[in-house]
Amino acid sequence: MTTFANRMFEGRTALVSGGGSGINQRIAERLAEQGASVALVGRTQSKLDAVASGIIAAGGKSAGFAADVRDYDALLRSSAAAHEQFGAISIVVCGAAGNFPALANAMSANAFKSVIDIDLLGTFNTCRAAYEHMDPAGASIVTISAPQAVQAMVMQSHVCAAKAGVDMLTRTLALEWGPLGIRVNGVIPGPVADTEGMDRLAPAGPVRDALAAQLPLRRVATKDDIADMVVFLCSDAAKYVTGAIIPCDGGMTTASIAIQTPRSATRHG
Ligand code: COA
C-alpha cells in the first residue's frame with residue numbers, strides 16, 4: 001500500500017457506487033483510511049452494511065445507502081441521505097458496473113441494454129444525483145472505466161460500447177463542471193485479482209497466467225493498485241488534473257493486449 005499524507009480527506013464526504021464489493025470496496029476503504037466519511041451505494045443493503053461495519057471497526061466513518069444506479073430517483077435519495085448524515089459530497093467514485101462474456105449474436109437487445117444502463121447511464125445518474133448534494137469547491141469525481149473503452153474485445157460488445165461512452169462522459173463533465181471547481185477524471189483498471197469481473201473474463205488458471213505473462217509488468221493488479229490511483233486523483237497532488245482517463249493496467253492498453261475469454265466461460269459454451 002502506498003502511503004499518502006495522513007488523513008488528507010478528513011471532513012469530506014465521499015460517495016462510492018458499487019462500494020459493496022470488489023475494487024470499489026477497496027477504494028471506499030482507502031478513502032475512509034484517509035479520513036473521508038464514505039457513503040456506499042449499491043443494490044444490496046446487507047452487502048453495503050457489511051463493508052460499512054468493517055470501515056467503522058477500523059476507526060472510519062461509513063454507511064450504506066442502497067440504490068440501483070439505473071434508478072435516478074433512488075440515487076437522489078441516497079445522495080440526500082449521505083449529505084444529511086455526513087455533509088455535502090465532495091468525492092464521487094462511479095464504480096458500479098455489470099459484465100458477462102457473450103458474443104453479440106448470443107445476446108438479446110435487453111442484455112446489451114442492461115450493461116449500457118448499469119455502466120453508462122448509471123455513471124451519468126451517479127454524477128448527476130451527487131451533483132445536487134455536492135460542495136463543488138475542490139470536489140473530485142472519478143469514473144471507473146475499463147480497457148474495453150479503448151480496445152475492441154470479443155464477447156464484450158456491450159462493455160466496449162458502454163465504457164467508451166463513460167470515457168467521453170467523463171471528459172465532457174470535466175469541461176462543463178471544471179469552472180465550478182469540480183475535477184472529473186477516469187481510471188482504466190487492467191485485470192485485477194480477486195474480483196468477480198476477472199473471474200468471469202479470465203478465470204484463475206492458464207487463461208489468467210497467460211494474460212499476466214503478456215503484461216509489461218508481468219502481473220495482474222491488486223485492488224490496492226487501483227485504489228491508490230483513485231486516492232491520488234482525489235488528492236491535492238492531482239489538483240491540476242481534469243478530463244484525464246488514466247490507465248492503471250500494468251501496460252495492458254499500451255501493449256494492445258486483449259483478454260481472450262474462453263468460449264466455455266459463456267452461458268452458451
Ligand atoms: N449471456 C447472455 N445474456 C445474458 C447473460 C449472459 N451471460 N447474463 C445475463 N444476460 C441477459 C439476460 O438474459 C437478460 O436478457 P433477456 O431479458 O433478453 O433474457 C439481460 O441480460 C438482463 O439480465 P438480468 O438477469 O435481468 O440481469 P440485470 O438486469 O440485473 O443485469 C447483469 C445485470 C446482466 C450485468 C448481470 O450479469 C449481473 O447482475 N452481474 C453481477 C455484477 C457484475 O456483473 N459484476 C462484474 C462487474 S465487472
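Contact is taken here to mean heavy atoms within 4.5 Å, and it is in this sense that helix H6 (196–201) is among the elements covering the buried residues of helix H7. The structure described is a predicted model.

Helix H7 spans residues 206–214, and its buried residues are Arg-208, Leu-211 and Ala-212. These residues lie on the same side of H7, because the arc that they cover around the axis is only 95 degrees. Such an arrangement can be read against the geometry of helices in general. An α-helix has 3.6 residues a turn, so residues three or four places apart point the same way. On the face of H7 that is turned away from its buried side, the exposed residues are Pro-206 and Asp-209.

The surroundings of the ligand were examined next. Of the 17 residues around the ligand, those that come nearest are Arg-70, Asn-99, Ser-108, Asn-110 and Arg-267. By kind, the residues of this shell divide into six nonpolar, six polar and five charged. Several contacts involve oxygen atoms of the ligand: a backbone N or O atom of Asn-99 lies 2.9 Å from an oxygen atom of the ligand, while a polar side-chain atom of Arg-43 lies 3.3 Å from an oxygen atom of the ligand. For Asn-110, an N or O atom in the side chain is 2.9 Å from an oxygen atom of the ligand. On its own the ligand has 930 Å² of accessible area, of which the protein covers 64%. Two or more residues of the shell around the ligand are given by each of helix H4 (109–131) and H6, and H4 gives the most, with four residues. Helix H6 thus appears in two settings, in the shell around the ligand and in the cover of the buried residues of H7.

A further position considered is Asn-24, which is placed in helix H1 (residues 22–33). Asn-24 has a relative accessible area of 9%, and as buried means under 20% relative accessible area, Asn-24 counts as buried. Leaving aside neighbours within four places in sequence, Asn-24 is in contact with Val-16, Ser-17, Gly-18, Gly-19, Gly-95, Ala-96 and Ile-144. With one of these residues, Gly-95, the approach is described at the level of atoms, in that the backbone oxygen of Gly-95 lies 3.2 Å from a polar atom of the side chain of Asn-24. Asn-24 and Leu-40, which are 16 residues apart in sequence, are 9.2 Å apart in space, C-alpha to C-alpha.

Conventions
Residues numbered from 1 in each chain as written. Predicted model: local features only at pLDDT ≥ 70, side-chain atom pairs only at ≥ 80, totals over all residues. Heavy atoms only, no water. Buried < 20%, exposed > 50% of the residue type's maximum accessible area, 1.4 Å probe, protein only. Arc of directions from axis to C-beta. Near = heavy atom within 4 Å. Polar contact = N/O pair within 3.5 Å; in protein donor to acceptor, adjacent residues only side chain to side chain. Areas by Shrake-Rupley, 256 points an atom, 1.4 Å probe, with all protein chains shown as cover. Nonpolar A, V, L, I, M, F, W, Y, C, P; charged D, E, K, R; others polar.
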